[in-house]
Amino acid sequence: MGNDAHPPQTPPVVPTGAPAIDVGLPDRPVAPARLSRISIGIDLGTSNSCAAVVQDGRPRVIPSRDGYNTIPSMVALNQRNRVVVGRHAKGQLLFNPSRTVHGAKRLVGRAFDSSVVQSMLPHFPYDVVAGEDGFCAVRLGPLTLSMVQVQALVLREVKGVAENFLGEEVNRAVITVPAYYSEQQRAAVRRAGALAGLHVERILNEPTAASLAYAWGRNVKERVLVYDLGGGTFDASVLELADRVYQVISTGGDTFLGGVDFDDRIVAFLVREFEKLHGPYKWDAVARSRLADAAERAKCALSEQESFPVHLPYLATVDGKPTALDTTLTRAGLEALVAPLVERTVQTCARVLDDKGLEPRDVDEVILVGGQSRMPLVQERIRSFFGKAPSKAVHPDEAVAIGAALLAHSLNSAEGVVLIDVVPISIGVGLPGGGGRVKRVIERNTPLPVRKEYQLATTKDDQKTFDLWIFEGEGATVAECQYLGTIQLTGLPRGGKGSVRIAVAFELGEECLLAVRAREIGSGREVEVVFTTKGTPDEVKKRLEKEASYAAAGIERPPGAGAAPPGHDGPPASTGSREIPRPASPPEPATGLKGLWSRITGR
Ligand code: ADP
Ligand code: MG
């Protein structure tokens, strides 16, 4: 898998390590010299971020200097080439959309070449590019930032707001992520926290955080469903709460479904209304940005009222004349536009329940979080699906940060809580010669932490290396799954075909971060594991689909069971094989998940 095989459509790789404009972030994470007294909770949202703290035994949201409880999760390069974050960044969104990053949460920890990113590209008003590590980055004029850096800037802003409010240094935090976030996305958020100067005490799932806020100060014994519809993501999770134990039993979601998709439907409607009168029009970025802003305003207003006038003067130039958009959107009209999106969220709830053989009536309370859940249509559909009105016990914008603060506090106090999460997305290996089939190693909804072994045997005499392609997803084939990377087992001992057997252990810790270890079954000796994301997901997929000539792959067996399963060959082009079992300082892979790499090697 050489770099030379990159497909031609890949744009030039832009170095993100040395931007011409200093954004004041370290190149690599630096641990704080002294940990602060206080630890806060941070909800790092797609649209808005929020911080909270427990003071005198009570959780509270931390307000910003100008009195807002949330901070827009936006980063921009202003006209004087200075990086601005939060409300200042949002302030320039309308007139400078191509230099204002929002929705970074959807892109962080995603490979630029992945099909999901490629299909999203036309929707971003700013320039999304491939960072030097192959993950998404953004180009704002002369400045290129990795998405991890963008998230780090937002986190640093939140940290500053907290320090200003509390009057002391704050460098410890619990940060929340969607339950449905992949392992790579979690690792990226951890890294962003570290770049922002935070010691990340725990990555916490948002629905678990919302449940902590919900159950705080009450002795609940309930099965709840947390319905979190935010700006860019949707999560549905079923939890059982009892006596300080918060156990997620089923989770599902959509990292590409949220308020902005509702806005997009309204923009399309506004465009249709305008073009009905004036004919097809070529919209520029500023006009699109104004349309999106008007759409969001109308949408929020229609949660309170039945109709809303949309008036955008000088929106377009038709026949050389400045032309306005003038129309009215009604609540019923809005509901017709977005009903399919709401339906998708209800279907996800049904699937999440069905996964555990539950019926809607088996849920004691539905907890709504996320700004978009304020929409009356959402509340009505929840009521009709579950047969009961959703709970009003938590604040939709603040519950997640409050829950994170409660956990941060409990980690430092005697009265701890027990959180049990599950694997949100199945993890499997691609089978060479299997026609692109993926063999699942860890099923979704398995409680965390989990360790699963996968056994392999060599299929050639003196085979030195083995490559295993790791995927995430529920599909049966590589085309339907997300490529995570390749694990290469190297420095295998000499021996006849089939005589060398290796047990590969996949471990997902409490935070659902993946570590992989391998040992040779005969001697018990550890085998060096090199993780790389070299090669693009599509290349790997194509290759797996093509490699029908390889022998059948390993079959999962319980540890220590019987004879070796038939093994599989490493592909002939396999690179980086090493004779030394565990070098004192292993080389970093040329590209790849540095965070994951360090977890694998323990460095
Ligand atoms: P995130 O957690 O992803 O940052 P939020 O929970 O802050 O998102 O939700 C932001 C989304 O909620 C935006 O799309 C916003 O338009 C939408 N929203 C906020 N208030 C309302 C409202 N009153 N009615 C409908 N949608 C709303
Ligand atoms: Mg949120």
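Trainee: Is Gln 488 buried or exposed in this predicted model, and what is its relative accessible area?

Mentor: The structure is a predicted model, and the assignment rests on a cut-off: a residue counts as buried under 20% relative accessible area. Gln 488 falls below that limit, so it is buried, with a relative accessible area of 7%.

Trainee: With which side chain does the side chain of Gln 488 make a polar contact?

Mentor: Gln 488 lies in strand S24. Its side chain makes a polar contact at 2.8 Å, and the partner is the side chain of Asp 467.

Trainee: How many residues of strand S24 are buried?

Mentor: Strand S24 spans residues 482-490 and is mostly covered. Gln 488, in this strand, has a relative accessible area of 7% and is buried. For the strand, the count of buried residues is eight of nine.

Trainee: In which sense do S23 and S24 pair, and over how many bridges?

Mentor: Strand S23 comprises residues 466-472. Two of the residue pairs across the strands are Phe 471 with its bridge partner Tyr 483, and Trp 469 opposite Thr 486. The pairing of S23 and S24 is antiparallel, over seven bridges.

Trainee: Which strand pairs with S23 over four bridges?

Mentor: Here Val 429 stands opposite Ile 470 in S23. The pairing is in the antiparallel sense, and the strand, residues 427-430, is S20.

Trainee: Why is S23 described as largely enclosed by the rest of the structure?

Mentor: In a regular strand the side chains alternate between the two faces of the sheet. In S23, both faces are covered: Phe 466, Leu 468, Ile 470 and Glu 472 are buried on one side, and Asp 467, Trp 469 and Phe 471 are buried on the other. S23 is therefore largely enclosed, its count of buried residues being seven of seven.

Trainee: Which strands stand at the edges of the open sheet S6-S5-S7?

Mentor: This open sheet has three strands in the order S6-S5-S7, with antiparallel pairing. Strand S5 (residues 75-77) pairs with S7 over two bridges, and Ala 76 stands opposite Thr 100 in S7. The edge strands each have a single partner strand, so one side of each is left without a neighbour in the sheet; they are S6 (83-85) and S7 (100-101).

Trainee: How many residues of helix H5 are buried?

Mentor: Helix H5 covers residues 206-215. Its buried residues include Glu 206, Thr 208 and Ser 211, as well as Leu 212 and Tyr 214. The helix is largely enclosed by the rest of the structure because its buried residues number ten of ten.

Trainee: Which residue with a positive phi follows H5?

Mentor: The phi of this residue is near 75°. The residue that follows H5 is Gly 217.

Trainee: Which helix contributes the largest share of the largest nonpolar core?

Mentor: The largest nonpolar core has 55 residues, and those with the most contacts inside it are Ile 40, Leu 145, Met 147 and Ile 175. Eleven residues of this core come from the helix that spans residues 147-166, namely H3. 

Trainee: How many residues has the other core?

Mentor: This core lies apart from the largest one. Among its residues are Leu 229, Phe 269, Val 352 and Val 366, and its size is 46 residues.

Trainee: Which helix gives the most residues to the shell around ligand 1?

Mentor: There are 16 residues around ligand 1, of which Ser 47, Gly 231, Glu 296, Lys 299 and Ser 303 come nearest. The helix that gives the most to this shell contributes three residues; it spans residues 285-301 and is H7.

Trainee: What share of the accessible area of ligand 1 does the protein cover?

Mentor: Oxygen atoms of ligand 1 are found 2.9 Å from a polar backbone atom of Asn 48 and 2.8 Å from a polar backbone atom of Gly 231. A nitrogen atom of ligand 1 is 3.3 Å from an N or O atom in the side chain of Arg 374. On its own, ligand 1 has 580 Å² of accessible area, and the share covered by the protein is 88%.

Trainee: What percentage of the residues of the protein count as buried?

Mentor: The secondary structure comes to twelve helices and 27 strands. The protein has 603 residues, and the buried percentage is 57%.

Definitions and conventions. Residues are numbered from 1 along each chain as its sequence is written. Chains are lettered from A and ligands numbered from 1 in the order in which they are written. This is a predicted model: local features need pLDDT of at least 70, side-chain atom pairs count only at pLDDT 80 or more; totals for chains, interfaces and linings use all residues. Side-chain values use heavy atoms; hydrogens and water are left out. A nonpolar core is a set of buried Ala, Val, Leu, Ile, Met, Phe, Trp, Tyr and Cys residues joined through side-chain atoms within 4.5 Å. Buried means under 20% relative accessible area, exposed over 50%, partly exposed in between (1.4 Å probe, protein chains only). Two strands pair if DSSP finds at least two bridges between them. A residue is near a molecule or strand if one of its heavy atoms lies within 4 Å of it. A polar contact is a pair of N or O atoms within 3.5 Å; within protein, one must be able to donate a hydrogen and the other to accept it, and residues adjacent in sequence count only if both atoms are side-chain atoms. Accessible areas come from the Shrake-Rupley method with a 1.4 Å probe; for residues, only the protein chains shown count as cover.
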